[in-house]
Amino acid sequence: MADDEKQTVHATAAGTVHPFAETNPPYETAGDIKDDLKIDVSEDVIVDEDLYRPLAMDAELPFEGNPLTFRAVITGCILGSLVSASNLYLGLKTGFTFGASMFGAIFGYGILKFFEKSGKGLPIIGGFFGPQENSIVQAAATGAGGIAGIFVAGIPAMYQLEVFGPGAKPKDQIGAIFTITIVCSFLGLFFVTPLRKFFIIHVARELKLMFPTPTAVALTIRSMHAGAAGSVAAVKKLKCLGLAFGASFIHRVVSYYAIGILYDWHVFTWIHIWSGYTSWALNIESWGWYFEWTPAFIGSGILIGLNPAISMFIGSLLAWGLIGPLLVHYGECIGLQIAPDDPQWDSYYTFFSLSKLGERTPSPRYWLLWPGVMVMVCASMAELLIQYKVIWIGFKSLWNQSCNGINTRLVARGKTNAFFAKHGQLRVKGEDEIEDPAPKEEQVQAWMWIVGLIATVVIGMLIFQFQWEMHPGLTILSCVLAFLFSFLAIQIGAVTDNTPLTAASKATQLVFGAATSGAGYSVLHAQKLNLVAGGLASGGADVATSLVGDFRTGFLIGTSPIKQWIAQAMGTFCAVWLAPGLFVLFTSAYPCIYDPNLSEEHCPFAVPSVTAWAAVARAVTDPKVKIPLTSGIFSIVMGVVSIIQVIVRHYYLVGHREKYRDWLPNWGAIALSWVIPAPVFANAALLGAIIAALWRKYDMRTWDLYGYALAAGFIAGEGLGGVVGAILTLAGVDGYTKGTQIACPLNEC
């Protein structure tokens, strides 16, 4: 759910993070949706529904001639823009971003239902509102809420590394930021389009690609449009989401003015003061152990379930309660005193610095960064390689479709070609495979995505050559990596409900570190190329994953693929202009986001993804920056352990032993805790997961009704409150200026 982690219980669940690069399905999440869902259709009748076929909709619903309406697209774009603003705040603060799908579906229902009732007889605004139009709203929202990942990771990392020169500011380079956003956004949109049939229809049942969140969104949309009972339930969901959104928003804004009381509870600082300034409590405080009343991460915990939440908490305990202190104790790493001249606070340290790498003994954060990245990459790659059959089938299907398209056009012109005719023969449909419910005229035509893809790649080569000084060959390499990692992210996300975008970005950085090594680039130039390439690969994969998820929702609801595609493209177009503008807003209000001289002073944003990306870029480009030998050894060992677990899970825990899979640790979540030095988020997520588990156990009916809506409101509300916080800071009336820092360590939270 992050930086580039995208939690995909779209609420994320976003995304994407969603929030963990999963190596095993989460325990008690939307991923628990079964292949065949038992649904109550009356008081005494139960039917089995196959979730690999379009859902049976209410027979009394009128036919929707054209669900791609002006009101649906505009509503979706507005709702997605709220999530985009929320994602930028949450991503800079925590490294996580969230998808807009569920938020757009529920809030969109309320808005358009109001238009339907109040705008009868009015053009554009009035008219029947059905489930297909509802799916258009969420598709536009998903597009408008995306592409935040590059703004909470790669782009600010460039400024922290000063690759544009000392003193460079984002607002002075807004044009270049717009152009890279355009390429990242539309690259993923175009290259994944032809894979719709492959992932949604051809191999979904065979490979158990359930797409938990998109499926949950489709079921939610259907339930809201299921007659009078569905309408009543929808109103309840909407009220819950609205109240959660409002309460979370108000709490975040008000808490700025008494942050140590309403938001951050630094319990060990309180003990330190009450006990007469003893050092032991402050030592614990120094490792980040406090509690934050963050609705966004309590909501995230509600969505992800106990297994990932417990795994993330255990990862934090290992990293910042055991491994880190041992590294400092034995002199392998160091901490920095925050107030060395104050005898009451001289035992207050920071162990998370990433400054002066290569010039002094590293911090525990830098040491733990490498095992975290290694585990994420190894676990994700192991999952991908185990599905080698999927890769082969996918590329074969894409090749056959391309040859079939060429052959069809040749035949239409009265020509023939034996090679394309032979290789264009599509595979025989399997026994359980269904026909594509969308007629040919309702599908995205080949020329649309082919022309769009070629244009995007060509424009990208020009933009990256002249604005970012990247050779066209390296741009093509980035595009290829984006496609490959999209394939990985979609397949893993369809099973686990979490997209491994961190693994994709870090693997791309490592590849580009090798590609630029010895090529004569200066260190700063190589770092710029490294970060641009990582951003392109992860950004393209992010958009591609979201589009396939929307295709899955539309497939279940019966929405036209071409109309969904157009809706998401319109939403993406909005995101291209909105996300850079919001980034400039935040960096203008908080220069510490991008200024390396301010980043370790007072700053409300920990920017964990930014510093992690910058550290990886330095390590693979700067010969002075080394990976500690002990960290490298530990990384290899943990990478092997994570691979072994993937193998055991797929080949040993099968049949009657499959039930034990739920007890396996989630190495993606554990590794994430090592990369992001923030036990505070693990604490909040664990609280949310416990609340959800108890809620499900004792009142499943109300959980089904309110669970996702509550979490979606919490996440979006806090994020929008963060945007207001940036505006208050620019106006000079923020909490740091006008509020109180009481109950914070050194009177500063």
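**Exercise 1.** How many of the 31 residues of α26 are buried?

*Solution.* The model is predicted: local features need pLDDT of at least 70, side-chain atom pairs count only at pLDDT 80 or more, and totals for chains, interfaces and linings use all residues. Residues are numbered from 1 along each chain as its sequence is written, and side-chain values use heavy atoms, with hydrogens and water left out.

Step 1. Fix the terms. Helices (H or I, at least four residues) and strands (E, at least two) are DSSP runs, numbered from the N terminus. Buried means under 20% relative accessible area, exposed over 50%, and partly exposed in between (1.4 Å probe, protein chains only).

Step 2. In α26, 24 of the 31 residues are buried, so the helix is mostly covered.

**Exercise 2.** Compare the span of α26 with the expected value, then locate its bend.

*Solution.* Step 1. The expected span is 1.5 Å times one less than the number of residues. For the 31 residues of α26 (700-730) this gives 45 Å.

Step 2. The end C-alpha atoms of α26 are 45 Å apart, which agrees.

Step 3. A bend is the angle between axes fitted to the seven residues ending at a residue and the seven starting there. At Tyr706, α26 bends by about 45°.

Step 4. After α26 comes Gly732, with a positive phi near 75°.

**Exercise 3.** Classify Ala743 and Asn747 by phi and by accessibility.

*Solution.* Step 1. Both Ala743 and Asn747 belong to the segment after α27 (735-738).

Step 2. Ala743 is not a glycine, yet its phi is positive, about 75°. Asn747, also a residue other than glycine, has a positive phi near 55°.

Step 3. Ala743 has 22% relative accessibility and therefore counts as partly exposed. Asn747, at 53%, counts as exposed.

**Exercise 4.** Place Leu51 in the chain and state whether it is buried or exposed.

*Solution.* Step 1. Leu51 sits in the loop between β3 (46-50) and α1 (70-94).

Step 2. Its relative accessible area is 0%, so Leu51 is buried.

Step 3. Leu219 is 168 residues from Leu51 along the chain, and their C-alpha atoms are separated by 9.8 Å.

**Exercise 5.** Sort the lining of the second largest cavity by residue class.

*Solution.* Step 1. Ala, Val, Leu, Ile, Met, Phe, Trp, Tyr, Cys and Pro count as nonpolar, Asp, Glu, Lys and Arg as charged, and the others, Gly among them, as polar.

Step 2. The lining divides into three nonpolar, seven polar and one charged residue.
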